[in-house]
Amino acid sequence: MKECKACKNQIGDGFLLCPICKMVQENADPHAALYPKTRTRNGRFIWRKIVSLSLWGGVLVSAIVNLSVGGTPWAVLVFLGVYALQTVALTLETAEISLIRRIISGSFAISCLLWAIAKITHSGTWATVYAIPLVLLAGLLASATLYFSSFRRYRTQFLPMLVLVVGALVAAGFGIRGKLPMAWPLIALSGTSLAAFLAVVIVYHKTLRVEFKKKMHR
């Protein structure tokens, strides 16, 4: 891995263009692929592939069995559980998929799993009132801590956080209108989201303007 001279993100050694800012890299092979694999096929990579394929094979088998016997769609829970595990633990970190994006994506995946468990088992509103807001709050706190502590490395990763922030504020709006239960976990999530958004905009507004222009290819 090497550092892009323009945006300071970690990218693969063989990159001709940075996948984030599109800057041509120094000492790059002009015949190299624009987006080469950033990891070699070492033992760790192979084992991740084996585990991932085995899990998704299990999802397929469980779906076939579930459709054959009928009843509660527990295969949906298996699918969402494997998807959450894949997102959190088995996805390789690349220039496009940073640790912050993995944290945010993992938070959403776990939230979907908890929501499905509550719906399929008819076990009440514990997921929507407490569990899901707390999972998203933990993801937001972890990603915001990484963002502020290593801004040079993660400055292009504000968009995944922005999706979570906007979602939390929209949920808070539904809570205020009485469409969602406005318990303390949702209040904590929406308050933290607003604080994180304002802090990033106030402290890094100039840099964020530049990064948004790069994302919009302007």
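## Exercises on the pocket and the nonpolar cores

In this predicted model, the largest pocket is lined by at least two residues from each of α4 (126–149), α6 (158–176) and α7 (184–215).

**Exercise 1.** Determine which helix gives the most to the lining of the largest pocket, and describe the lining by class.

*Solution.*
1. The largest pocket has a volume of about 290 Å³.
2. Its lining consists of 14 residues, and those closest to the centre are Thr128, Ile132, Leu136, Ala171 and Leu180.
3. The helix that contributes most is α6, with five residues.
4. Sorted by class, the lining holds 12 nonpolar and two polar residues, while charged residues are absent.

**Exercise 2.** Identify the members of the largest nonpolar core that touch the most other members, and state which helix supplies the largest share of this core.

*Solution.*
1. The largest nonpolar core comprises 23 residues, of which Ile100, Tyr147, Leu189 and Leu208 touch the most other members.
2. At least two residues of this core come from each of α3 (99–121), α4, α5 (151–154), α6 and α7.
3. The largest share belongs to α4, which supplies eight residues.
4. Apart from this core lies another, of seven residues, including Cys4, Cys7, Cys18 and Ile20.

**Exercise 3.** List the residues that Leu189 touches, leaving out residues up to four places away in sequence.

*Solution.*
1. Leu189 is one of the core members that touch the most other members.
2. With those sequence neighbours left out, Leu189 touches Pro133, Leu136, Leu137, Leu140 and Ala168.
3. Of these contacts, Leu136 also appears among the lining residues closest to the centre of the largest pocket.

Methods:
Residues numbered from 1 in each chain as written. Predicted model: local features only at pLDDT ≥ 70, side-chain atom pairs only at ≥ 80, totals over all residues. Heavy atoms only, no water. 1 Å grid on protein atoms, 1.4 Å probe; cavity = no way out; pocket = protein on both sides within 12 Å on 5 of 7 lines; lining within 4 Å. Points joined across faces, edges and corners; volume = space filled by probe spheres on them. Helix = DSSP H or I, 4+ residues; strand = E, 2+ residues; numbered from the N terminus. Nonpolar A, V, L, I, M, F, W, Y, C, P; charged D, E, K, R; others polar. Core = buried A, V, L, I, M, F, W, Y, C linked by side-chain atoms within 4.5 Å. Buried < 20%, exposed > 50% of the residue type's maximum accessible area, 1.4 Å probe, protein only. Contact = heavy atoms within 4.5 Å.
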